[in-house]
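Student: Could we go through this protein and its ligand together? I would like to learn how to read a structure step by step.

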Amino acid sequence: MTNSSTRTALVTGASRGIGRGIATRLARHGWGLTVTARNADHLTELAEELRTAGAPHVARLAVDLAADDAADRLAELHRHAFGAMSALVLNAGVGTVSRAADFPAHRMAKTLQVNLVTSMRLTQRALPLLRKGAAADPRHGASIIGLSSITGVHADAGYSVYGASKAALLRYLEAVHQEESAVGVRATSIAPGYVATDMTSWIADRVPAASMIAVEDVVEVVDMVLRLSRTAGVAPIVMTRAGTSGFQA
Ligand SMILES: NC(=O)c1ccc[n+]([C@@H]2O[C@H](COP(=O)([O-])OP(=O)(O)OC[C@H]3O[C@@H](n4cnc5c(N)ncnc54)[C@H](OP(=O)(O)O)[C@@H]3O)[C@@H](O)[C@H]2O)c1
C-alpha cells in the first residue's frame, strides 16, 4: 500500500516504448502508478513487473484514448487508488506519416484526439489531484510532462498533422504552466527526434535504431525534471538526434 509521502504518477501509453521506460524508472524509485494503454494483457504483465521493480501499488486501465470518457475514467481511477497525484505523464501518442494533401480524414481525427484533445481533458481532470499532490510535497510540487516531438517545434514534411498535434500540446502545456506553477504544478514538454521504439520501426531500414535517441535518455530527462524543486520551471526540452541538422526527426 502507499502512504501519504509516496509520490504517484499516471502514465499514458505505459505498455511499450518511452512510456514503459518512464513507468519502470518511477517504479524503481518507489512511486505508486496508474498505467494505461489499449492492450489489457500487456498492462497486466506490466503491472506485475512494476510491482516487482518497487511500485507499492499499480492501478491499470485498458482504454483507447480516443474514447470520449477515457480522461474521466483515468483520473477517477487514480483518485480512487491514491487520492492525489505527483506527476501526470502525457506520453501516449499516435502518428501517421503522409503528405497533407493525401492525409486520411479518419486518421486526422484520431491523431488530434489521442495526442491533443484527450491530453487536454486529462490535464483538466487531473489538476485537482495534482494541486493536492503539490500541497503534500512542498519540495517538488507536482508536474505534468508531455511527450511532444521535434516535429512540433520544427516543421518536417510528412508530419503535418502529427507535428501540429505535438506543437499544440507543447503550447497548451506552456500556458498550463503559467496558470498553475504558482501553486506548485509545473508543466514541461519533451520534444525528441526519432527514438528507438515500435513507433519508428517503419523507418529503421533508413535510420538504424542504433542511431536513434535511446528510450533511456528520454527517461533520464523525465527523471531529472521530476527531481527539481517546485520553483524551477523547465521550458520545452528539444532532444536532437546526432548526425542531423537538429531541425528534423
Ligand atoms: N518514437 C519516437 O521517435 C518519438 C519521437 C518524438 C516523440 N514521440 C512521442 O513519444 C510518445 C511515446 O512514443 P513511443 O515511441 O514510445 O510509442 P510506441 O512505442 O508506439 O508506444 C505507444 C504507447 O501508447 C499506447 N497507445 C497507442 N495508441 C493508443 C491509444 N489510441 N489509446 C491508448 N493508448 C495508446 C500503446 O499501447 P497500446 O498499443 O496497447 O494501446 C503504447 O503503450 C508518443 O506520444 C510519441 O508521439 C515519439
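Student: Which residues come nearest to the ligand?

Tutor: Good place to start, and keep in mind that this is a predicted model. A residue belongs around the ligand if one of its heavy atoms lies within 4 Å of it. There are 31 residues around the ligand, and those that come nearest are Arg16, Asn91, Tyr162, Val195 and Thr197.

Student: How many nonpolar, polar and charged residues does the shell around the ligand have?

Tutor: Let's sort the shell by class. Six of its residues are charged and eleven are polar. The nonpolar class has 14 residues.

Student: Which residue has a polar backbone atom 2.9 Å from a nitrogen atom of the ligand?

Tutor: Let's look at the backbone contacts one by one. An oxygen atom of the ligand is 3.0 Å from a polar backbone atom of Asn39, and an oxygen atom of the ligand is 3.4 Å from one of Gly93. The contact with a ligand nitrogen atom, at 2.9 Å, is made by a polar backbone atom of Leu65.

Student: What percentage of the ligand's accessible area does the protein cover?

Tutor: On its own, the ligand has 880 Å² of accessible area. In the model, the space taken by the ligand is the largest pocket. Helix H1 (17-28), helix H4 (105-136) and helix H5 (160-180) each give two or more residues to the shell. The share of the area that the protein covers is 96%.

Student: What radius of gyration does the protein have?

Tutor: The chain has six helices and seven strands. For 249 residues, a compact globule would have a radius of gyration near 18 Å. The protein's value agrees with that, at 17 Å.

Technical notes: Residues numbered from 1 in each chain as written. Predicted model: local features only at pLDDT ≥ 70, side-chain atom pairs only at ≥ 80, totals over all residues. Heavy atoms only, no water. Polar contact = N/O pair within 3.5 Å; in protein donor to acceptor, adjacent residues only side chain to side chain. Areas by Shrake-Rupley, 256 points an atom, 1.4 Å probe, with all protein chains shown as cover. 1 Å grid on protein atoms, 1.4 Å probe; cavity = no way out; pocket = protein on both sides within 12 Å on 5 of 7 lines; lining within 4 Å. Sits in = over half its atoms within 2 Å of the grid points. Helix = DSSP H or I, 4+ residues; strand = E, 2+ residues; numbered from the N terminus. Nonpolar A, V, L, I, M, F, W, Y, C, P; charged D, E, K, R; others polar. Rg over C-alpha atoms; globule rule 2.2 N^0.38 Å.
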